[in-house]
Amino acid sequence: MTTIPKADILLVDDSTSDAELALEALRRERLAERVRVVRDGVEALEYLSAAYSALGELPKVVLLDLRLPRLPGCDVLRRIREDARTRHIPVVVMSSSSDPAEILRCYEEGANSYVVKPVEFDRFAEVVRAVGRYWLYVNRPPVPPCAGG
């Protein structure tokens, strides 16, 4: 049986450099103790399903890129919202796209927030830290009812 690590943040990004920058920013803010990085949409859904089954605990937030291999970010978002086990997880779309139609589609699919990834490192790092602080420490998610009771 595969061990499923607990994660406060699920970071879904196929860009190694973007993922590394995000992890560094979260480490500097001491928000990165439990971050799980996956590289595509299928992996993201598999992790969420396995974490729920094995741990009964899901990440506090998903940071989701849109342009992913195997399954695009908008499809991942839609599936997260369709699943009763995961529909309340906050999902922050982090994309290089500022296309208004794409932003609208993400909100229509249930995104909690849409952030355009800044190009410069310092600004990117500050955005990641702000997103992490808000969703981990400020936001109060709903508490799901206990299973079977």
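# Exercises on charged side chains and a surface patch

In this predicted model, R81 touches T86, R87, H88, I89, P90, V91, E109, G110 and N112, leaving aside residues up to four places away in sequence.

## Exercise 1: R81

Find which helix holds R81, and determine which backbone oxygens its side chain reaches.

Solution.
- Step 1. Place the residue. R81 lies in helix α3, residues 73–82.
- Step 2. Check for an ionic partner. R81 is buried yet has no salt bridge. The nearest side chain of opposite charge is E109, 8.5 Å away. A salt bridge needs a nitrogen of Lys or Arg within 4 Å of a carboxyl oxygen.
- Step 3. Look at the backbone. The R81 side chain reaches the backbone oxygen of I89 at 2.8 Å. It also reaches the backbone oxygen of G110, at 2.9 Å.

## Exercise 2: Two bridges from one loop

How many salt bridges does a search of the whole structure find? Then locate the partners of R70 and R67.

Solution.
- Step 1. Count. The search gives 17 salt bridges.
- Step 2. Take R70. Its partner is D40, with the closest N and O atoms 3.1 Å apart. R70 sits in the loop between β3 (61–64) and α3, and D40 in the loop between β2 (35–38) and α2 (41–55), so the pair ties together parts 30 residues apart in sequence.
- Step 3. Compare burial. R70 counts as exposed because its relative accessibility is 56%. D40 counts as buried, at 9%.
- Step 4. Take R67. It forms a salt bridge with E102, and the closest N and O atoms are 3.3 Å apart. R67 is in the loop between β3 and α3, while E102 is in helix α4 (residues 100–108), so this pair ties together parts 35 residues apart in sequence. R67 is partly exposed, at 48%.

## Exercise 3: R85 and a network

Are R85 and D83 buried, partly exposed or exposed?

Solution.
- Step 1. Identify the pair. R85 forms a salt bridge with D83, the closest N and O atoms being 2.7 Å apart.
- Step 2. Classify. R85 has a relative accessible area of 34%, so it is partly exposed. D83 is at 22% and is partly exposed.
- Step 3. Turn to shared partners. Salt bridges join D13, D18, D65 and K117 into one network.

## Exercise 4: The nonpolar patch

Which residues make the nonpolar surface patch of about 330 Å²?

Solution.
- Step 1. Name the members. They are Y134, Y137 and V138.
- Step 2. Place one of them. Y134 lies in helix α5, residues 121–138.
- Step 3. Test the cut-off. Patch residues need over 30% relative accessible area. Y134 has 36%, and is partly exposed.

Conventions:
Residues numbered from 1 in each chain as written. Predicted model: local features only at pLDDT ≥ 70, side-chain atom pairs only at ≥ 80, totals over all residues. Heavy atoms only, no water. Patch = residues over 30% accessible without salt bridge, like charges linked within 9 Å, V, L, I, M, F, W, Y side chains within 5 Å. Areas by Shrake-Rupley, 256 points an atom, 1.4 Å probe, with all protein chains shown as cover. Helix = DSSP H or I, 4+ residues; strand = E, 2+ residues; numbered from the N terminus. Buried < 20%, exposed > 50% of the residue type's maximum accessible area, 1.4 Å probe, protein only. Lys, Arg positive; Asp, Glu negative; His and termini not counted. Polar contact = N/O pair within 3.5 Å; in protein donor to acceptor, adjacent residues only side chain to side chain. Contact = heavy atoms within 4.5 Å.
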